[in-house]
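Trainee: I have this model open in my viewer and would like a close look at a single part of it. Could you pick the strand in the middle of things and walk me through its surroundings?

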Amino acid sequence: MDGCFYCEDSEKRKSLMIEICQLNYSDIYLNRDQKHKGRIVVKFKSHKTEYFHLTKEENAGFFYELALATEAVFNLYHPDKINYATFGDGVPHVHVHVVPKYKDGLNWGTPFDDTLPKQYLSDNEYQQMVKEIRSEIQRLFTEK
């Protein structure tokens, strides 16, 4: 869809996130801001703006893949809790921010805060995380 941040393959999107993999119902991205280690975004593959716009099959498939991607992050980075954020008034496309939280870490006990200074990694660190998460998602997808 024209003008949709998630549908267009734009430089802005690439500046904020790196594609990890494409699944049947979702595309998984690594958020470039890694102040919450392992933060990813799971977006619905086609342009829909509300969960109730998804068919029963799409809903089940999307949330299954969201759970797999989240489990991969949990297995790799061992957060104490994972927060899920769904917004959409600024970017109207079904997507979920998966934000690992760590006790005694940033924003523990409060919602995550994107206004705090960002933590960027080197290209090698991003590529390593992408490789690890992709591999773990594929392992879980095959196993389940």
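Mentor: Happy to; what follows is a tour of one strand, E3, and then of the parts around it. Please keep in mind that this is a predicted model.

Let's set the scene first. The chain has 3 helices and 5 strands, and along the sequence they come in the pattern α-β-β-β-α-β-β-α. The radius of gyration is 15 Å, close to the 15 Å that the globule rule gives for 144 residues, so the chain is as compact as a globular protein of that length. Along the principal axes, the C-alpha atoms fill a box of roughly 40 × 35 × 30 Å. Buried residues make up 44% of the 144 residues.

Now to the strand itself. E3 covers residues 40–44, and 5 of its 5 residues are buried. Follow the side chains and you will see them split: Ile40, Val42 and Phe44 point one way, while Val41 and Lys43 point the other way. Notice that Lys43, a lysine, is buried along with the others.

Next, look to either side of E3. On one side is strand E2, residues 26–31, which pairs with E3 in the antiparallel sense over 5 bridges. Within that pairing, aspartate 27 stands opposite lysine 43. On the other flank is strand E5, residues 95–101, also antiparallel to E3, over 4 bridges. Here lysine 43 stands opposite histidine 95, and valine 41 stands opposite histidine 97. As a general reminder, strands of a sheet pair through backbone hydrogen bonds, either parallel or antiparallel.

Zoom out and these pairings become part of an open sheet of 5 strands, in the order E1-E2-E3-E5-E4, with antiparallel pairing. Strand E1 (17–22) and strand E4 (81–85) stand at the edges with a single partner strand each, so one side of each is left without a neighbour in the sheet. Neighbouring strands are turned by 25° against each other on average, if direction is ignored.

Helices come into the picture too. Helix H2, residues 56–77, lies across E2, E3, E4 and E5, and runs at about 165° to E3. Helix H3, residues 123–143, also packs on the sheet, where it touches E1, E2 and E3. The direction of H3 makes about 25° with that of E1.

With the helices in place, we can turn to the nonpolar side chains. In soluble globular proteins, nonpolar side chains tend to be buried together. In this model the largest nonpolar core has 28 residues, and those that touch the most other members are Ile20, Ile28, Leu30, Ile40, Val42, Phe62 and Ile137. Two of these names, Ile40 and Val42, you have already met as residues of E3 that point one way. E1, E2, E3, H2, E5 and H3 each supply at least two residues of this core, and H2 gives the most, with 7 residues.

Leucine 30 is a good place to see how such a core is put together. Setting aside its neighbours within four places in sequence, leucine 30 is in contact with Leu16, Met17, Ile18, Ile20, Arg39, Ile40, Tyr126, Met129, Val130 and Ile133. Apart from the largest core lies another, of 6 residues, among them Cys4, Phe5, Tyr6 and Val41. Val41 is one of the E3 residues that point the other way from Ile40.

Since Cys4 has come up, what about disulfides? A search of the whole structure finds 0 of them. Cysteine 4 is in no disulfide, and the nearest cysteine sulfur, that of cysteine 7, is 3.6 Å away. A disulfide would need the two sulfur atoms within 2.5 Å. Cysteine 4 counts as buried because its relative accessibility is 6%, whereas cysteine 7, at 31%, counts as partly exposed.

One last stop is the loop between E5 and H3, where you will find asparagine 107. With a relative accessibility of 13%, asparagine 107 counts as buried. Leaving aside its neighbours within four places in sequence, asparagine 107 is in contact with His36, Lys101, Phe112, Asp113 and Leu116.

To close with the chain as a whole, residues 24 or more positions apart account for 58% of the contacts with a separation of 6 or more.

Technical notes. Residues numbered from 1 in each chain as written. Predicted model: local features only at pLDDT ≥ 70, side-chain atom pairs only at ≥ 80, totals over all residues. Heavy atoms only, no water. Buried < 20%, exposed > 50% of the residue type's maximum accessible area, 1.4 Å probe, protein only. Pairing = 2+ DSSP bridges. Axes fitted to C-alpha atoms, helices over the stretch in contact; angles between N-to-C directions. Contact = heavy atoms within 4.5 Å. Core = buried A, V, L, I, M, F, W, Y, C linked by side-chain atoms within 4.5 Å. Rg over C-alpha atoms; globule rule 2.2 N^0.38 Å.
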